[in-house]
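Student: I would like a close look at a single part of this structure. Please take one helix and go through its surroundings in one connected account.

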Amino acid sequence: MNERRFLSAADAAEVLGVEPREIVELVASGSLPGIRVAGGWRVEHDVLQSWIDERYEEQRRHALWLESQSASIADLFGPGHR
């Protein structure tokens with residue numbers, strides 16, 4: 001399959017399962033890199049995938065941080081400590 005380098009806002013929205021206006025908002029705010037071409041926003045496919053991967057990593061780290069905040073003394077120092 002010949003994958004396109006650039007996706008329209010509608011195509012990027014389909015990948016993420018959101019509305020195209022949400023892609024436009026992300027690009028316009030600078031949260032998601034994109035370029036304006038012929039009156040519409042375009043997002044490079046590889047850039048979108050990297051952006052998705054970064055969000056996953058942020059969520060993974062946040063979940064680990066939350067988990068560490070609820071660790072018990074025994075979790076931190078081993079059994080026998082209270």
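Tutor: What follows is an account of helix H3 and its neighbours. The model is a predicted one.

Start with the setting. The protein chain holds four helices and three strands. Along the sequence they follow the pattern β-α-α-β-β-α-α. The chain has 82 residues, and 17% of them count as buried. Take the contacts between residues at least 6 apart in sequence: 44% of these join residues at least 24 apart.

Now the helix. H3 spans residues 45-69, which makes 25 residues. From first C-alpha to last, H3 reaches 36 Å. That is close to the 36 Å expected at 1.5 Å a residue.

Which residues of H3 are buried? Leu48, Trp51 and Ile52 are. What do the buried residues of H3 pack against? Two strands and two helices: E1 (6-8) and E3 (40-44), with H1 (9-16) and H2 (20-29).

Take the strands next. E1, E3 and E2 form an open sheet, in that order, with antiparallel pairing. E1 and E2 (35-37) stand at the edges. Each has a single partner strand, so one side of each is left without a neighbour in the sheet. From one strand to the next, the twist averages 45 degrees.

The pairing of E1 with E3 can be followed further. Three bridges join these two antiparallel strands. Ser8 is part of this pairing, with Arg42 in E3 as its bridge partner. H3 packs on the sheet and touches both E1 and E3. The direction of H3 makes about 70 degrees with that of E3.

That leaves the helix side, and H1 in particular. A pair of packed helices is described by the angle between their axes and the distance between the axes. For H1 and H3, the angle is about 35 degrees and the axes lie 12 Å apart. Their crossing is right-handed.

Which residues meet there? H1 brings Ala12, Val15 and Leu16. H3 brings Leu48, Trp51 and Ile52. By class, this contact has six nonpolar residues, no polar ones and no charged ones.

Put the two views of H3 together. Leu48, Trp51 and Ile52 are buried, and Leu48, Trp51 and Ile52 also meet residues of H1. On the sheet, H3 touches E1 and E3. H2 is also among the elements that the buried residues of H3 pack against.

Technical notes. Residues are numbered from 1 along each chain as its sequence is written. This is a predicted model: local features need pLDDT of at least 70, side-chain atom pairs count only at pLDDT 80 or more; totals for chains, interfaces and linings use all residues. Side-chain values use heavy atoms; hydrogens and water are left out. The expected span of a helix is 1.5 Å times one less than its number of residues. Buried means under 20% relative accessible area, exposed over 50%, partly exposed in between (1.4 Å probe, protein chains only). Contact means heavy atoms within 4.5 Å. Two strands pair if DSSP finds at least two bridges between them. Axes are lines fitted to C-alpha atoms, for helices over the stretch in contact, and angles run from 0 to 180 degrees between N-to-C directions. A crossing is left-handed if the near helix is turned anticlockwise from the far one by less than a right angle, and right-handed if clockwise. Ala, Val, Leu, Ile, Met, Phe, Trp, Tyr, Cys and Pro count as nonpolar, Asp, Glu, Lys and Arg as charged, and the others, Gly among them, as polar.
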